[in-house]
Amino acid sequence: MSYATLDDLRSHLGGATPHSPAYREKMLHLLPAMPTVDRTAFLGKRATGRRVLEFGASGPLQPLIQQASAVYQGIDRVDGPGIIGFDLDDVSERQLPVPTYRDGQAWDLMIAGELLEHLSNPGHFLTRLKRQYVGVPLLLTTPNAF
């Protein structure tokens with residue numbers, strides 16, 4: 001069976017459609033007006049002079065974050081300069097390989113830029129961070145159309 005339009009297909013499937021009042025009431029919400037920021041400048045500014053632990057540290061922002069940080073450690077799937085190899089999709093109970101900075105101090109900031117969309121279970125990853133790095137702020141970025 002073929003349909004001339006998406007509306008024809010929706011009609012055939014029945015139930016709530018994007019056009020029904022019930023669907024609109026439950027599923028569509030106005031978004032508040034928010035300022036747009038330059039992600040690169042924002043992350044560089046936040047990392048400046050801080051002890052930064054970056055997850056997914058192989059992206060294009062890694063050199064900027066590493067250079068801006070007073071102390072830097074990256075964690076990603078493979079080892080590299082300043083990066084410890086660890087599978088961030090690992091769902092075992094073992095801890096991430098960097099509990100604290102080498103002098104025992106806590107990290108000032110964690111950054112996970114453009115990472116969540118690459119994980120099979122981002123909720124597990126975020127829960128692991130919350131348990132292991134209590135009180136350490138986390139900056140997350142995800143791809144967007146702008």
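This is a short walk through a predicted model, from its sheet to one glutamate within it.

Let's begin with the sheet. Five strands form an open sheet in the order β3-β2-β1-β4-β5, and their pairing is parallel. At the edges stand β3 (83–85) and β5 (138–141); each has a single partner strand, so one side of each is left without a neighbour in the sheet. From one strand to the next, the twist averages 20 degrees.

Now look at how β1 meets β4. These two strands, β1 and β4 (residues 109–113), pair in the parallel sense over four bridges. If you would like a landmark, find Phe55, whose bridge partner in β4 is Ala112.

Two helices are worth finding next. Helix α3 (residues 39–47) packs on the sheet, where it touches β1, β4 and β5. The direction of α3 makes about 165 degrees with that of β5. Helix α5 (residues 122–132) lies across β1, β4 and β5, and α5 runs at about 165 degrees to β5.

With that frame in place, turn to Glu54, a residue of strand β1 (residues 51–55). What is the nearest side chain of opposite charge to Glu54? That side chain belongs to Arg39, and it is 10 Å away. A salt bridge needs the charged groups within 4 Å, and Glu54 has none, although Glu54 is buried. The side chain of Glu54 does make a polar contact with the side chain of Tyr72, at 2.5 Å. Leaving aside residues up to four places away in sequence, Glu54 touches Gln62, Ile65, Tyr72, Gln73, Gly74, Ile75 and Ile111. Tyr72 therefore appears both in this contact list and as the polar partner of Glu54.

Conventions: Residues numbered from 1 in each chain as written. Predicted model: local features only at pLDDT ≥ 70, side-chain atom pairs only at ≥ 80, totals over all residues. Heavy atoms only, no water. Buried < 20%, exposed > 50% of the residue type's maximum accessible area, 1.4 Å probe, protein only. Lys, Arg positive; Asp, Glu negative; His and termini not counted. Polar contact = N/O pair within 3.5 Å; in protein donor to acceptor, adjacent residues only side chain to side chain. Contact = heavy atoms within 4.5 Å. Pairing = 2+ DSSP bridges. Axes fitted to C-alpha atoms, helices over the stretch in contact; angles between N-to-C directions.
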